[in-house]
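Hi,

Here is the structure I said I'd pass on. Have it open while you read, and I'll walk you through what turned up.

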Amino acid sequence: MDKLIVHGGTTLRGAINISGSKNASLPILAASLLTGEDCIIRRVPDVSDTNYMIQILSALGADVERSSGTVRINCAEVMDEAPYELVRRMRASICVMGPLLARKGRCVVSLPGGCVIGDRPVDLHLRGLEALGAKVEFECGNITLTAKNGLRGAEIDLRGTHGPTVLGTDNVMMAATLADGTTIIESAAAEPEVLDLANFLNAMGAKITGAGTRRIVIEGVTSLRGVEHTVIPDRIEAGTFMAAAALAGEGVTLHRVCRDQMKAITAAIEQSGHRVEFNAAGDSCTIHRGENLQGVDLSTAPFPGYPTDMQAQMTALLATTPGISVIKDTIFPQRFMHCAELKRMGADIKVDNGTAIVRGVTRLSAAPVMASDLRASAALVLAALTAKGSTEIARVYHIDRGYEHIDEKLLMLGAAVERVKDR
Ligand code: EPU
């Protein structure tokens, strides 16, 4: 197992390219199951989650080639049972369920367990697929879905107690593309990654309108064709580097971003006293570290609100921002594992009932810390950039799930980062 050692106190300068979005790539890769023709998907980030998805597709029988960021997939012959050994490694593998069911009339996927960011049920996915006519059965930890006579369009409300579901919306939208008749998804997730998937599906010949809003209408078609697609930039990777630049940078520039997808993150960074300057096209931005910094009150919310996937990183930034910040996670109220580790580095944080109260301290100090999930590990890297001394971050496989070559990108910006083998 690798570990990252971050020597705190260097100033970040220069420019990097933001990678393609992990959370857009995963369902788009899965959607290639909907056609027997070749799909070519560009800017798929080289992270372990996309590698797991490619392994799952290969195990299902797909012919997959990957060369740098481009993946070619052919799903001419595929099976309907996803192997447990691969599926269990990544919750997002649940998004093969919708396309497999639509293509094969049956699918077997193992029921994902909880994870460190909280209980992660799939009831809304199943409610949506049942409404399309699928029969749902549970046995030996697996979910079997069958639709012997095919799927039929329906009106479905996908709202759950914590708001809409991103992968649930993706699953129902993918299944509905090949259903008989029209499907209307109410309370759909409006995240940019859902819109990117809909654009991919429409290019394949699907008839989807309203993606990117709370109401998506899908008119079923009889077949879909192969397509080429370029994945949108990763707004969470961009946000993470924005936070790094605000903490430790001097005019760091991020290329290949999308301003419109980053409004809530940009607003939060600016509220804390930093300045973010976009170019006219909105695809590149420079972050200027501020002088008069202040605490921020934040509450995570579905898009266009502040993303839960940027909660931990912002907490790390605010840990050394003067004043009191209040950070509430309404989507995953238990997603505060990073706070215990940040406290070991000297942060003053109290977590209660899905809310972190952060009193900014002048400086953190290095400590051996442990990554507990993807975004928590990014938060520890950020905290380490300005901490006094060298921070050892163990279990960095978490960060490798979703950040493409993060240590190399930080090195390019001048950070002092080493990746070493843990004994
Ligand atoms: N929920 C239910 N029932 C369901 C599905 C979800 O109650 O059937 C609840 C969840 O427990 C949560 C809320 O609804 O409280 C939202 O969860 P959602 O289904 O939207 O999460 P997801 O689709 O499984 C995606 C991202 C996550 C991100 C969430 C929320 C991917 C691959 N994953 O997960 O990304 O946190 O949306 O925006 O797109 C990450 O990248 O670090 C990550 C965890």
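Below are some notes on two sheets, the helices that go with them, and one helix further along the chain. Keep in mind that this is a predicted model.

Let's start with the four-stranded sheet. It is open, with mixed pairing, and its strands come in the order β4-β5-β3-β13. At the edges you'll find β4 (63–67) and β13 (228–230), each of which pairs on one side only. From one strand to the next, the twist averages 15°. A helix packs on this sheet too: α2 (residues 48–59) touches β4 and β5, and its direction makes about 150° with that of β4.

If you want to zoom in on one pairing there, try β3 (residues 38–42) with β5 (residues 70–74). Four bridges hold this pair in the antiparallel sense. Look for Ile41, which has Val71 of β5 standing opposite.

Next, the three-stranded sheet. This one is also open, the pairing is antiparallel, and the order is β6-β8-β7. Why is one side of β6 and of β7 left without a neighbour in the sheet? Both β6 (106–110) and β7 (135–139) stand at the edges and have a single partner strand each, so there is nothing alongside them in the sheet on the other side. Neighbouring strands here are turned by 20° against each other on average, ignoring direction.

Within that sheet, β7 and β8 (residues 142–146) run antiparallel and are joined by five bridges. Glu137 is a handy residue to click on, as it stands opposite Thr144 in β8. This sheet has a helix as well: α4 (residues 97–104) lies across β6 and β8, and it runs at about 155° to β6.

Last stop is α11, which covers residues 337–344. Which of its residues are buried? They are His338, Cys339, Glu341 and Leu342. Looking down the axis of α11, these buried residues fall within an arc of 165°, so they line one face of the helix.

What does that buried set pack against? The partners are two helices, α10 (311–318) and α12 (374–386), along with the strands β19 (348–352), β20 (355–359) and β21 (368–370). Just after α11 comes Gly346, with a positive phi of about 105°.

Cheers

How values were computed. Residues numbered from 1 in each chain as written. Predicted model: local features only at pLDDT ≥ 70, side-chain atom pairs only at ≥ 80, totals over all residues. Heavy atoms only, no water. Buried < 20%, exposed > 50% of the residue type's maximum accessible area, 1.4 Å probe, protein only. Arc of directions from axis to C-beta. Contact = heavy atoms within 4.5 Å. Pairing = 2+ DSSP bridges. Axes fitted to C-alpha atoms, helices over the stretch in contact; angles between N-to-C directions.
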